[in-house]
Structure formats: structure tokens, C-alpha cells
Amino acid sequence: SGAMAVYGETPSNFETYGRLYNWYAVDDSRGVCPSGWHVPTDSEWITMEMALGMSEGDANSTGFRGSDQGIQMKTTYGWYNDGNGVNSCGFGGLPGGDKANGGGFYFIGLKGVWWSSSSAFGGAWYRALLGSESKVQRDNWPREIGLSVRCIKHSDQ
């Protein structure tokens, strides 16, 4: 069933990074986004990545893809070891880390990971940005993992 958590259950992490959700919360009919907004599909992520200059071939592959799209998406602050980006596209990606299905929290300051609303191979598609990487990772993970969510406005709004 759907679940959410705050990294380390620390109020300051909630203020900075928000909540981490498992994919069951993303897929719940009550929704994690406000009315008129939704969690982007894998295709919508691909559209954005291509608008940032990623080739279609790269956008449809898995692993770290593209060139500097991750730098374009990362905030100009908050990433450890000089891993900040330029946020030229306004995505404002922060390194909120993740919550493993065993309950541990990992990678705050080093990694930002966001669910898509699209399932894949028994899991679901996600996107990740790493402080040490200029590209964007696309892959799938088990639905029990706690990741960040980015809501986008419905296109008919």
C-alpha cells in the first residue's frame, strides 16, 4: 500500500526536500499531487529530456544518458562535493536521497531520485541525478522504494 516518509524523520529535511513516497502512493487513486496536477509519465520525462537536448535514442535508453541534462536540472546549491548544477531549465532538482524497502535512508546531498507514474518490468520508471554526474539516469526500481515526486500541471489547464 501507499506510504510516505521524511528522510531521517527530520523536520529540516522535510522543509528542504519534502517527502519520499513509494510507488504505490504515486499510483493511488487519491493522488499525491494537488488537483490539476499529476506525476509525470515516463514519456513526459522523455519529452522534457529531449527538450533539454538529449537525443531520442539516449532518451529511450536506460542508465545514465545524454550529456549535460543533469547539470541543467540540478539546483545551484545543496549538492555535496561541488555537485551543484545550473538549473537552467527551472527543474530545481535537489538531492533528497531515497528510502530503501528495508527502511534505511541513503544518499541525501548526493542523489535526487524521482518517480514517474509509469510501471515497468514489475517495478516503475524513475529518474536520478547524482552530484558527480552530468547526465540523467533512467531505470526502474521496485515499487517499495521511497523516492521524491515532482508534480506537473495537466496540459489542458
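Which residues have the most contacts inside the largest nonpolar core? In this predicted model, they are Val26, Trp115, Tyr126, Leu147 and Val149, within a core of 14 residues.

## Nonpolar cores

Three elements each supply at least two residues of the largest core: helix H2 (23–27), strand S7 (111–120) and strand S8 (123–130). A second, separate core has 11 residues, among them Ile46, Met73, Leu129 and Val136. As a general background, nonpolar side chains tend to be buried together in soluble globular proteins.

Val149 belongs to the residues with the most contacts inside the largest core. When residues up to four places away in sequence are not counted, Val149 touches Tyr21, Val26, Val32, Val39, Trp114 and Trp115. Of these partners, Val26 and Trp115 are also named among the residues with the most contacts inside that core.

## The largest pocket

The largest pocket encloses about 270 Å³ of space. Its lining is formed by 14 residues, of which Tyr17, Gly18, Arg19, Ser148 and Val149 are the closest to the pocket centre. By residue class, this lining comprises seven nonpolar, five polar and two charged residues.

Val149 therefore has a place in two descriptions of the model, being listed both for the core and for the centre of the largest pocket, under the rule that lining residues have an atom within 4 Å of a pocket point.

## The second largest pocket

A volume of about 150 Å³ is computed for the second largest pocket. The residues lining this pocket are Pro40, Glu44, Trp45, Thr47, Met48, Phe91, Arg150, Cys151 and Ile152. Helix H3 (residues 42–51) provides the largest share of the lining, with four residues.

In the lining of the second largest pocket, six residues are nonpolar, one is polar and two are charged. The charged residues are Glu44 and Arg150, because Asp, Glu, Lys and Arg count as charged.

## Buried positions in strand S7

Ser118 lies in strand S7. With a relative accessibility of 18%, Ser118 counts as buried, since the cut-off for that class is under 20%. The side chain of Ser118 reaches the backbone nitrogen of Asp42 at 2.9 Å. Leaving aside neighbours within four places in sequence, Ser118 is in contact with Trp23, Thr41, Asp42, Ala124 and Trp125.

Gly112 is also found in strand S7, and its relative accessibility of 0% places it in the buried class. Apart from residues up to four places away in sequence, Gly112 touches Trp79, Leu94, Pro95, Gly96, Arg127, Ala128 and Leu129. Gly112 and Arg127 are 15 residues apart along the chain, and their C-alpha atoms are separated by 8.3 Å. Leu129, another contact of Gly112, is included in the second core.

## Positive phi values

Most residues other than glycine have a negative phi. Phe107, although not a glycine, has a positive phi of about 75 degrees. Phe107 is found in the loop between strand S6 (105–106) and S7. At 42% relative accessibility, Phe107 counts as partly exposed.

Phe121 likewise has a positive phi, of about 50 degrees, and is not a glycine. The position of Phe121 is in the loop between S7 and S8. Its relative accessible area is 72%, so Phe121 is classed as exposed.

Key. Residues are numbered from 1 along each chain as its sequence is written. This is a predicted model: local features need pLDDT of at least 70, side-chain atom pairs count only at pLDDT 80 or more; totals for chains, interfaces and linings use all residues. Side-chain values use heavy atoms; hydrogens and water are left out. On a 1 Å grid over the protein atoms alone, a cavity is a set of points where a 1.4 Å probe fits but cannot get out, and a pocket is an open set with protein on both sides within 12 Å along at least five of seven lines; lining residues have an atom within 4 Å of a point. Grid points are joined across faces, edges and corners, and a volume is the space filled by probe spheres set on the points. A nonpolar core is a set of buried Ala, Val, Leu, Ile, Met, Phe, Trp, Tyr and Cys residues joined through side-chain atoms within 4.5 Å. Buried means under 20% relative accessible area, exposed over 50%, partly exposed in between (1.4 Å probe, protein chains only). Contact means heavy atoms within 4.5 Å. A polar contact is a pair of N or O atoms within 3.5 Å; within protein, one must be able to donate a hydrogen and the other to accept it, and residues adjacent in sequence count only if both atoms are side-chain atoms.
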